[in-house]
Amino acid sequence: MQSSPLIDSDLPVGILLAAGYGRRFDATGLRNKLLAKLPDGHTVAWHSGHTLASALPGAVAVVRPEQPELAAELSRAGCRILEAREAEDGMGAALAAAVAHTADARGWVVALADMPWLPEEIVRAVALTITAPEVIAAPWHEGQRGHPVGFGAAWRDTLLKLEGDEGARALLQAQPVTRILTEHEGAFRDIDRAEDLPA
C-alpha cells in the first residue's frame, strides 16, 4: 500500500472520472479502454492518473466496484482510489460521489480518465485559476471547451446533486466559465473508439 501523498490544501482537489463502461470502445464490455496500452507501454489510465496526481497530489480516481486491475493501475499512477457503487449510474453520479468524499475541498479539478495526452501544465493552470469559490474554469480553443474543468467550492451543493450520466454539462452551459486559452490538443483529445488508439 503506498503512503498517502502530501495534499496542498491551497489547491483544489483533483478528481479523475474512471468509472465509465466505454461501450463505444468495445460493445461487448470485455476490453476496458483505460487498460489499453499506449506505445510507451503505459496504459491510458496510468497516463491520465499520473498527470492529474502529479499536478494535484492527493487526486482521487473514481472507479466502479469490482475493478481491481484498474484500481491498481490508478493507484500506481499516484491517485487515491474511491470505489463508488453509485458511479455505475454514470458520470454525474460518479462526480457527485467524489465531491461528497472530498467535501471540505476549496474546489475540484475534474479530469477524464480517457484523455491520456492532457499535459500537466494545463491541469495546474485550471487549478490556479480557481481563485474564488464561485469560479468555474476550463481550457478553451476556437469556441471549444476542453478538459479538465475546475469548480470553486461555491458549487459544492450543485455538484452533489448530479445524477446519471449527464455530468456537469448543464451547469457549464448555464454559468460563465473562465477560459484558459490553449492550442494543446491534449485538452481536447480523448479515446472513444478503438481506432482512437495510436498504432
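# A tour from Glu 142 to helix α4

Glu 142 is exposed, with a relative accessible area of 75%, and it is a reasonable place to begin in this predicted model. Select Glu 142 in the loop between β5 and β6 and inspect its backbone, where phi is positive, at about 50°, although the residue is not a glycine. Most residues other than glycine have a negative phi, and most peptide bonds are trans.

Glu 66 can be selected next, in the loop between β2 (residues 60-63) and α2 (residues 68-76). Its phi is likewise positive, at about 60°, and Glu 66 is not a glycine either; the residue is exposed, with a relative accessible area of 59%.

For a backbone feature of another kind, select His 147 and Pro 148, since the peptide bond from the former to the latter is cis, with omega near 5°. Pro 148 belongs to the loop between β6 (residues 144-145) and β7.

Now go to helix α4, residues 120-129, and show the side chains of Ile 122, Val 123, Val 126 and Ala 127, which are buried. Around the helix axis they cover an arc of only 140°, which puts them on the same side of α4. If the view is then turned to the face directed away from that buried side, the exposed residues Glu 121 and Leu 128 come up. To see what the buried residues of α4 pack against, display the helix α1 (44-55) together with the strands β4 (107-112), β5 (136-141), β7 (149-152) and β8 (178-181).

From there, select Thr 51, which is placed in helix α1 and is buried, with a relative accessible area of 14%. Leaving out residues up to four places away in sequence, Thr 51 touches Leu 118, Pro 119, Glu 120 and Val 123, and the last of these is one of the buried residues of α4. A polar atom of the Thr 51 side chain also lies 3.0 Å from the backbone oxygen of His 47.

The final stop is Gly 164, in the loop between α5 (156-160) and α6 (169-174), where the residue is partly exposed, with a relative accessible area of 25%. Which residues is Gly 164 in contact with, once its neighbours within four places in sequence are left aside? They are Asp 89, Gly 90, Met 91, Gly 92 and Ala 93. A distance label drawn from Gly 164 to Asp 192, C-alpha to C-alpha, should read 19 Å, for two residues that are 28 apart in sequence.

Terms used. Residues numbered from 1 in each chain as written. Predicted model: local features only at pLDDT ≥ 70, side-chain atom pairs only at ≥ 80, totals over all residues. Heavy atoms only, no water. Buried < 20%, exposed > 50% of the residue type's maximum accessible area, 1.4 Å probe, protein only. Helix = DSSP H or I, 4+ residues; strand = E, 2+ residues; numbered from the N terminus. Arc of directions from axis to C-beta. Contact = heavy atoms within 4.5 Å. Polar contact = N/O pair within 3.5 Å; in protein donor to acceptor, adjacent residues only side chain to side chain.
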